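Student: I am new to this structure and would like a close look at a single part of it. Could you take me through that part slowly, and then through what lies around it?

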Amino acid sequence: MSKLVPVPSRGMVPERDVESPPVLETIHLGVDFGGLVAVDKFNIVIGKTEISGLIGPNGAGKTTVFNLLTNVYKPTRGTVILGDKDISGMSTRQVCRAGMARTFQNIRLFKDMTVAENVMVGLHHDIKYHTPGAVFRLPSFWRGEKYAKNKALEMLSIFNMQDMGDLKAGGLPYGAQRRLEIVRALATKPMILLLDEPAAGMNPSETAELMENIVKIRDTYQIAILLIEHDMKLVMGICEGIAVLNYGRIIAKGTPAEIASNPLVIEAYLGKKEA
């Protein structure tokens, strides 16, 4: 695990990433729903290959932040920079094409499609045939389908799921569905992968395996990962930088050791001790 060092863009990134531009930076990001300030002054910097965590009590605004980053919600104010692009005004489809992919707190798979077909959906940018080829089932269509199927099975091997390729996604155990959603997001070739509670519903052995695989994904694809998670063992075990959100604002940022001993974080989770 690399130590965090300051960079010119007002943030901290792992030492190995200091020579590369941050993959993601937010500047005074915020959103209001009517008169409610849901997220305000959200500023983070994530290094090119950093595994970073976003934590906080229930209702702190963590998933809202993910929805802002991917433009599911349009920000009321602030800027989101992905690589060297300001993506604040992009559609969700454009954000994905620009290099940001995500999973969801509530699993969103195509449950009537096979496991391989779900991953193939994420490989749309790699399909080598055009609409006429698909309509008339030309040889280019079948070559493209074969390539996509083989690529999907190769990616499923990250989680040792290659033998499940022809199974219906909706029939998989809960943990396997979670893993499939991660593979489908990876298939879009992101620069940064957002994981919303990836360990939810997993038992301890599945969570331990997930931790290993998140690091493996980062190392294999050389991408950044930002995750929301309530399992503190997972967060403290693999995250290099952590931001803590409470009532829509960041109350602390730092290394796992710094966050674990921060009195504001302890108060946010456990409440304030009465005098």
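Student: Which residue follows α1, and what is the sign of its phi?

Tutor: The model is a predicted one, and the residue you ask about is N71, which follows α1 and has a positive phi, near 60 degrees.

The helix itself comes next. Helix α1 is largely enclosed by the rest of the structure, because seven of its eight residues are buried. The buried residues are K62, T64, V65, F66, N67, L68 and L69, where buried means a relative accessible area under 20%.

To see part of what surrounds the helix, we can turn to the sheet. Four strands form an open sheet in the order β4-β3-β6-β7, and their pairing is antiparallel. The edges are taken by β4, residues 36–46, and β7, residues 85–86; each has a single partner strand, so one side of each is left without a neighbour in the sheet. Helix α1, which spans residues 62–69, packs on this sheet and touches β3, β4 and β6, while its direction makes about 110 degrees with that of β3. Two of the strands it touches, β3 (residues 24–33) and β6 (residues 77–82), pair with each other in the antiparallel sense over five bridges, and E25 stands opposite I81 in β6. Strands of a sheet pair through backbone hydrogen bonds, either parallel or antiparallel.

The nonpolar cores can be described next. The largest of them has 46 residues, and L180, L193 and L227 are those with the most contacts inside it. Helix α6, residues 174–186, supplies the largest share of this core, namely six residues. If we leave aside neighbours within four places in sequence, L227 is in contact with several residues, among them I51, L54, L195, I214 and I238, and also with F66, which is one of the buried residues of α1. A second, separate core of 29 residues includes F66 together with L24, I44 and L54. F66 and L54 are therefore worth finding in the picture, because they belong to this second core and are also in contact with L227, where contact means heavy atoms within 4.5 Å.

Last, there is a pocket to look at. The largest pocket has a volume of about 460 Å³ and is lined by 19 residues, of which C96, A101, R102, F104 and T188 lie nearest its centre. The elements that give two or more residues to this lining are α2 (92–98), β8 (100–102), α3 (115–122) and α6, and α2 gives the most, with four residues.

Note on methods. Residues numbered from 1 in each chain as written. Predicted model: local features only at pLDDT ≥ 70, side-chain atom pairs only at ≥ 80, totals over all residues. Heavy atoms only, no water. Pairing = 2+ DSSP bridges. Axes fitted to C-alpha atoms, helices over the stretch in contact; angles between N-to-C directions. Core = buried A, V, L, I, M, F, W, Y, C linked by side-chain atoms within 4.5 Å. Buried < 20%, exposed > 50% of the residue type's maximum accessible area, 1.4 Å probe, protein only. 1 Å grid on protein atoms, 1.4 Å probe; cavity = no way out; pocket = protein on both sides within 12 Å on 5 of 7 lines; lining within 4 Å. Points joined across faces, edges and corners; volume = space filled by probe spheres on them.
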